[in-house]
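Reader: I am new to this structure and should like to understand the terms used to describe it. Please set each term against its definition as we proceed.

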Amino acid sequence: MTATFVTNSGTDTARATVTQLGSHIGARIDGITLDGQLDPASISLIRQALLRHKVVFFRGQGQLTNDSQYEFAQLLGTPTTAHPTVKSHGKVVLPIDSDLGKSNSWHTDVTFVDRIPKASILRAVQLPEYGGTTTWASGVAAYEGLPDPLKALAENLWARHTNVYDYSATSAEQVAQDSAEAAYRKEFQSTYFETEHPVVRVHPETGERTLVLGHFVKNFLGLSGEQSQGVFKILQDHAVKLEYTTRWNWSAGDVAIWDNRATQHYAVADYDDQYRRLERITLAGDIPVNIHGERSRAIAGDASEYSIIEGSSIPE
């Protein structure tokens, strides 16, 4: 399904189209050139499409630089610093660089802090000749597809998320101890963060219920390690069913924006030893709230230097 909208950029009138890519998640937006001077009507269109489709894609945005990508990001929210722990590769833009590792497992960005980013803006810079696609899954569709007994379980579960997790459990690759990837992993874990999040959160803008899972989950509160593993597998396997996903085949200059409060994603590492680099900016989010009105709890680590808490008077 394609919807057409009229937007104004300066003195020009343009037609933007939003093409739905799947019944649960994903849309492509055409007719908009992204930059820091984008008109309010275009920004409103992007915001609404993002809330509805969870991830939106733009082709042919080769005019963007790190600076103009950041200026555009400011129109959608407040950018965070590049990362809570990885600080040696940039202050506001995080390189997604295959030489530093491959995020080939399902995750939601930075769930180990209390203020989960609301959105990520990813721009393709250098791509392999084949492979390297990214897949997103809708946490809203996954929640809605749960049978009632599992909904009741998930709605009352809390999970511990941490940035120190078992890479070997999510990757078959062996990493040399003196490699750039090993150094990156060491920096990633250099400051310990742990946060307790509800497994089901209420989306702060749409009111939808969505699952909060992914590879930063350490265990579930009140369950043993063995029980946590079993419950996690049931919920996580359900959350990433193909019916709830969309997959993007990148071209240089493409931009993806996703609602990090309602999705997981997986960068497919099927491009052998070819180089792949994208640039990511994240936007500050709020502290998740469950269906009972209870907020996520920071157990270890202070994320105030990483990000503000969007729309909140909670002291940092």
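Author: The model is a predicted one. A suitable place to begin is the largest nonpolar core, which has 25 residues; Ile29, Leu34, Ile46, Phe72 and Ile257 touch the most other members. At least two residues of this core come from each of several elements, including strand E2 (12-20), strand E3 (27-30), helix H2 (66-76) and strand E14 (255-259). Helix H1 gives the most, with five residues.

Reader: What makes a set of residues a nonpolar core?

Author: The members must be buried residues of nonpolar kinds such as Leu, Ile and Phe, joined through side-chain atoms within 4.5 Å. In soluble globular proteins, nonpolar side chains tend to be buried together. Ile46 illustrates the contacts: beyond its neighbours within four places in sequence, Ile46 is in contact with Ile29, Ile32, Leu34, Leu38, Phe58, Phe72, Leu76 and Ile257. A second, separate core has 17 residues, among them Ala142, Leu157, Phe220 and Val231.

Reader: Why does Asp254 count as buried?

Author: Buried means under 20% relative accessible area. Asp254 has a relative accessibility of 0%, and therefore counts as buried. Asp254 lies in the loop between strand E13 (245-248) and E14.

Reader: Which side chain does Asp254 join in a polar contact?

Author: The partner is the side chain of Trp248, at 3.2 Å. The cut-off for such a pair of N or O atoms is 3.5 Å, so the value of 3.2 Å satisfies it. Leaving aside neighbours within four places in sequence, the contacts of Asp254 include Leu122, Arg123 and Ala124.

Reader: Why is E6 described as largely enclosed by the rest of the structure?

Author: Six of the eight residues of E6 are buried, and E6 is therefore largely enclosed.

Reader: How many bridges join E6 to E14, and how many join E6 to E16?

Author: Five bridges join E6 to E14, and the two strands run antiparallel. Seven bridges join E6 to E16, again antiparallel. Two strands pair if there are at least two bridges between them, so both sets of bridges meet the definition. Within them, Arg123 has Val255 of E14 as its bridge partner, and Leu122 has Arg280 of E16.

Reader: How do you know that the length of helix H6 agrees with its number of residues?

Author: At 1.5 Å a residue, the 15 residues of H6 (225-239) should span 21 Å; the end C-alpha atoms are 21 Å apart, so the values agree.

Reader: Why are the buried residues of H6 said to line one face of the helix?

Author: The buried residues of H6 are Ser228, Val231, Leu235, Gln236, His238 and Ala239. Seen down the axis of H6, they fall within an arc of 155 degrees, and therefore line one face. The face turned away from the buried side carries the exposed residues Glu226, Gln229, Lys233 and Ile234. Among the elements against which the buried residues pack are helix H3 (139-144) and helix H4 (148-155).

Reader: What makes Arg261 buried, and which side chains does its own side chain meet in polar contacts?

Author: The relative accessible area of Arg261 is 5%, which is under 20%, so Arg261 is buried. Arg261 is placed in the loop between E14 and E15. The side chain of Arg261 makes a polar contact with that of Glu205 at 2.9 Å, and another with that of Asp259 at 3.0 Å. Both values lie within 3.5 Å, so each pair satisfies the distance limit.

Terms used: Residues numbered from 1 in each chain as written. Predicted model: local features only at pLDDT ≥ 70, side-chain atom pairs only at ≥ 80, totals over all residues. Heavy atoms only, no water. Buried < 20%, exposed > 50% of the residue type's maximum accessible area, 1.4 Å probe, protein only. Helix = DSSP H or I, 4+ residues; strand = E, 2+ residues; numbered from the N terminus. Contact = heavy atoms within 4.5 Å. Polar contact = N/O pair within 3.5 Å; in protein donor to acceptor, adjacent residues only side chain to side chain. Expected span 1.5 Å × (residues − 1). Arc of directions from axis to C-beta.
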